[in-house]
Amino acid sequence: MIVLPCRSHGWSLLAGAALLITLIGDASPALAASLEGKATLKVPMPFPPDALFEAQLQEIGAADTSAVLLGKVRLKPAGVAPFHFRIPYVDGMVRAGHRYSVRAVISAGGRLLFTSDTVQPVFQGATSPLQLQLVPVGDAPLRGVIWLLAPAASLPVSPQAARQEVQLLLDPLTSTVSGSGDCNRLQGNYRMEADQLSFSSIDNTVLQCEPEVMADERRFLDDLQRVRSWRFVDRRFELLDARGALLLKFETRPQASPEAAASGG
């Protein structure tokens, strides 16, 4: 079901976010209007903290012509979903009998991470705010994010032993992996195609920690070498062996919502 937007005159900045607004055309205050909406993620996958959210109002042209941009709004950093936005535009540019739609994306470093997957028509008589749903673009949201090891069957964790946080970061540009085990920093290479994933040439520093910590780190590094595929379940990035058995699972550090950040929570 598509919920269509209302049109309102004037606009304001969203509280707690750096909002970049672009208005297409030369408008006097009397002609300024805005389109309100909300975008959610179909799959709650993470994205880098410097990610950009952008929504565009477009006139839909004929099949052989490109869409005409009427206005757009950007949120940088994107913050956390859902994303509430207001697109300014020139009211006089909306013409009877023409078709208009809104498209939204999330990107980071020039990489497209999420996009709206359906055409959302607007200005057809409904009065409710626009609602968009964004879907991940392949495995792109998994890259460029710091993943933290969650408890897994192959890694018994003892709270008594001093250890560092186990992390992985898949570089989106160089296909290198970096991070840390329980004691040492690590780096190497990875290959990711569809749901297939493998690691190679993993190297690490040579610090010595308590025997229990070193044993856990060795199990972690051994498990990385056995990884052959991945899946994303319940906000967790799970790594599987050649038979599909779970080896490791990772999660991201929860992001504070703008309201919590503003209140100090």
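Which residues form one aromatic cluster? They are Phe47, Phe53, Phe83, Phe85 and Phe114. The model here is a predicted one.

Start with the interior. In soluble globular proteins, nonpolar side chains tend to be buried together. The largest nonpolar core in this model holds 57 residues. Phe53, Leu57, Phe85, Phe199, Phe237 and Leu239 touch the most other members of that core. Strand β7, residues 99-108, gives the most to this core, with five residues. Two of the names just listed, Phe53 and Phe85, also belong to the aromatic cluster.

Take Phe237 as a way in. Leaving out residues up to four places away in sequence, Phe237 touches Leu142, Trp147, Leu170, Met192, Leu197, Trp230, Arg231, Phe232, Leu248, Lys249 and Phe250.

Now look at the rings. A search of the whole structure finds 10 aromatic pairs. Consider the rings of Tyr89 and Phe123. Their centres are 5.5 Å apart and their planes stand at 45°, so this pair is tilted. Tyr89 lies in strand β6, residues 83-90. Phe123 lies in the loop between β9 (120-122) and β10 (130-136). The pair therefore ties together parts that are 34 residues apart in sequence. Tyr89 and Phe123 are both buried.

Charged side chains come next. Side chains of opposite charge can pair when their charged atoms come close. The count in this model comes to 11 salt bridges. One of them joins Glu54 and Arg74, with the closest N and O atoms 2.5 Å apart. Glu54 sits in strand β4, residues 52-60, and Arg74 in strand β5, residues 68-75. This salt bridge therefore ties together parts that are 20 residues apart in sequence. How accessible are the two partners? Glu54 has 10% relative accessibility, so Glu54 counts as buried. Arg74 has a relative accessible area of 30%, so Arg74 is partly exposed.

Glu193 and Arg191 make another salt bridge, where the closest N and O atoms are 3.1 Å apart. Glu193 is partly exposed, because its relative accessibility is 46%. Arg191 is exposed, because its relative accessibility is 56%.

A helix supplies a further example. The side chains of Asp216 and Arg219 meet in a salt bridge, at 2.1 Å from N to O. Both residues lie in helix α1, residues 211-226. They are three residues apart, about one turn of the helix. Is Asp216 buried or exposed? Asp216 is buried, because its relative accessible area is 2%. Arg219 has 32% relative accessibility, so Arg219 counts as partly exposed. Elsewhere among the charged residues, Asp223, Arg226 and Asp241 are joined into one network by salt bridges that share partners.

Finish at Asn189, a residue of strand β14, residues 185-193. Asn189 counts as partly exposed, because its relative accessibility is 32%. Which residues does Asn189 touch, not counting residues up to four places away in sequence? They are Ser175, Thr176, Val177, Ser198, Phe199, Ser200 and Ser201. Val177 is 12 residues from Asn189 along the chain, and the C-alpha atoms of the two are separated by 5.3 Å. Phe199 leads back to the interior, as one of the residues that touch the most other members of the largest nonpolar core.

How values were computed:
Residues are numbered from 1 along each chain as its sequence is written. This is a predicted model: local features need pLDDT of at least 70, side-chain atom pairs count only at pLDDT 80 or more; totals for chains, interfaces and linings use all residues. Side-chain values use heavy atoms; hydrogens and water are left out. A nonpolar core is a set of buried Ala, Val, Leu, Ile, Met, Phe, Trp, Tyr and Cys residues joined through side-chain atoms within 4.5 Å. Buried means under 20% relative accessible area, exposed over 50%, partly exposed in between (1.4 Å probe, protein chains only). Helices (H or I, at least four residues) and strands (E, at least two) are DSSP runs, numbered from the N terminus. Contact means heavy atoms within 4.5 Å. Rings of Phe, Tyr and Trp (its six-membered ring) pair if their centres lie within 6.5 Å; planes under 30 degrees apart count as stacked, over 60 as edge-to-face and the rest as tilted. A salt bridge is a side-chain nitrogen of Lys or Arg within 4 Å of a carboxyl oxygen of Asp or Glu.
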